[in-house]
Amino acid sequence: IESQNVTRVSEFHLMGLSEDPELQPLLFGLFLSMYLITVLGNLLIILAVSSDSHFHTPMYFSLANLSLADISFTSTMVPKMIVDIQTHNRVISYAGCLTQMSFFMLFGCLDSLLLTVMAYDRFVAICHSLHYQVIMHPRLCGSLVLLSVLISLLVSQLHNSTVLQLTYFKNVEISHFFCDPSQLLNLACSDTFTNNIVMYFVGAISGFLPISGIFFSYYKIVSSILRVPSSSGKYKAFSTCGSHLSVVCLFYGTGLGVYLSSAVSLSPRKGAVASVAYTVVTPMLNPFIYSLRNKDVKRAMWRLFRKIV
């Protein structure tokens, strides 16, 4: 790399989703609306679970933590994007970019691990229903959530330690609406082999292992359901994990879609547009999926909403 193409930077420029001035008001209104819906919906889930004793169960405890992680995950990126659109200033400092990436990795990994914990909960509830209360006691539930947080912190700090060693970059323009880790590593002027090893390790912990755990849990769940003689019993058993399965498919499906679209398309901007699906849309839809498919949650959220209003 020629010396004139290598820059030691103190800030980056986020290119956003579009540079068209006419689209900026539309993007501002759209993302502000989606962010408010995400925060309000997930906050109602948290308040409903914490205020109603009927929801003091392992599944809803994990759901409340997932909602909190979703709020934090979206808040890592969307408020900065909204401010950038409003102020017409897309500059982010090196420290700010590092901080944003750190929280992105933390809450993204936490989302994935909490979905795995919820899959294990459904596995115990269906395959070991008689011993559910004994196995899924409050101490174990708390330990699983705490372990998920600690692993997410480890992944985030491991990624941070790699990025901190990067001081020289080929370009200061990031074709995204937030500091995407993969794009920043691609701009770095350093040994790509080491960076790739770290990224593969991070991907294994935050992606491959949770997916494997979820797949194994549902393999056991489906095997157990197929042994149920009556069709009504099969439907009742499967309906208890329908919401979780929908969220899993939405979360990993959109993530896989973004990965495939970025691999096929040579335009980073198209990858940024596709990433809106799992960074903004998925956290927004999660409360609707759980409330629409669960009458108890729907009633509790409606009672809570009437009290607030």
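Here are some short exercises with worked solutions on the predicted model shown above.

**Exercise 1. Lay out the sheet.**
Work out which strand sits in the middle of the three-stranded open sheet, and in which sense its neighbours pair with it.

*Solution.*
Step 1: Start with the strand order, which is β3-β2-β5, with mixed pairing. The edge strands β3 and β5 each pair on one side only.
Step 2: Look at one side of β2 (residues 11-14). Here β2 and β3 (residues 91-93) run antiparallel, joined over three bridges. In β3, S93 is the bridge partner of E11, and V91 is the bridge partner of H13.
Step 3: Turn to the other side. The pairing of β2 with β5 (residues 173-174) is parallel, over two bridges. H13 has E173 as its bridge partner in β5.
Result: β2 is the middle strand in the order β3-β2-β5.

**Exercise 2. Sort the faces of β2.**
Decide which residues of β2 belong to the covered face and which to the uncovered one.

*Solution.*
Step 1: Recall the general pattern: side chains in a regular strand alternate between the two faces of the sheet.
Step 2: Apply it to the strand. F12 and L14 make up the covered face of β2, while E11 and H13 make up the uncovered one.

**Exercise 3. Check two helices against their expected span.**
Test whether the ends of α2 and α6 are as far apart as their residue counts suggest, at 1.5 Å a residue.

*Solution.*
Step 1: Take α2 (residues 58-75). Its 18 residues should span 26 Å, and the end C-alpha atoms are 26 Å apart, so the two values agree.
Step 2: Repeat for α6. With 27 residues, α6 should span 39 Å, and its end C-alpha atoms are 39 Å apart, so this helix agrees too.
Step 3: Now consider the surroundings. In α2, 14 of the 18 residues are buried, so the helix is largely enclosed by the rest of the structure.
Step 4: In α6 (residues 138-164), the buried residues include C141, V145, S148, V155 and H159.
Step 5: Look for a nonpolar patch on the surface. L146, L150 and L153 form one, with about 270 Å² of accessible area together. Of these, L146 lies in α6.

**Exercise 4. Find the salt bridges.**
Identify the two salt bridges and say how well each partner is covered.

*Solution.*
Step 1: Keep the principle in mind: side chains of opposite charge can pair when their charged atoms come close.
Step 2: One pair is D84 and K80, with 3.1 Å from N to O. Both residues lie in helix α3 (residues 78-87), four residues apart, about one turn of the helix.
Step 3: Judge their cover. D84 has 6% relative accessibility and therefore counts as buried, whereas K80, at 24%, counts as partly exposed. The cut-off used here is that buried means under 20%.
Step 4: The other pair is R122 and D121, whose closest N and O atoms are 2.7 Å apart. Both R122 and D121 are buried.

**Exercise 5. Describe the nonpolar cores.**
Name the residues with the most contacts inside the largest nonpolar core, and the helix that gives the most to it.

*Solution.*
Step 1: The largest core has 67 residues, and L17, F31 and L115 have the most contacts inside it.
Step 2: Helix α4 (residues 94-127) gives the most to this core, with 14 residues.
Step 3: Another core lies apart from it. This one has 17 residues, including V9, I92, C97 and L185.

Notes: Residues numbered from 1 in each chain as written. Predicted model: local features only at pLDDT ≥ 70, side-chain atom pairs only at ≥ 80, totals over all residues. Heavy atoms only, no water. Patch = residues over 30% accessible without salt bridge, like charges linked within 9 Å, V, L, I, M, F, W, Y side chains within 5 Å. Areas by Shrake-Rupley, 256 points an atom, 1.4 Å probe, with all protein chains shown as cover. Salt bridge = Lys/Arg side-chain N within 4 Å of Asp/Glu carboxyl O. Core = buried A, V, L, I, M, F, W, Y, C linked by side-chain atoms within 4.5 Å. Buried < 20%, exposed > 50% of the residue type's maximum accessible area, 1.4 Å probe, protein only. Expected span 1.5 Å × (residues − 1). Pairing = 2+ DSSP bridges.
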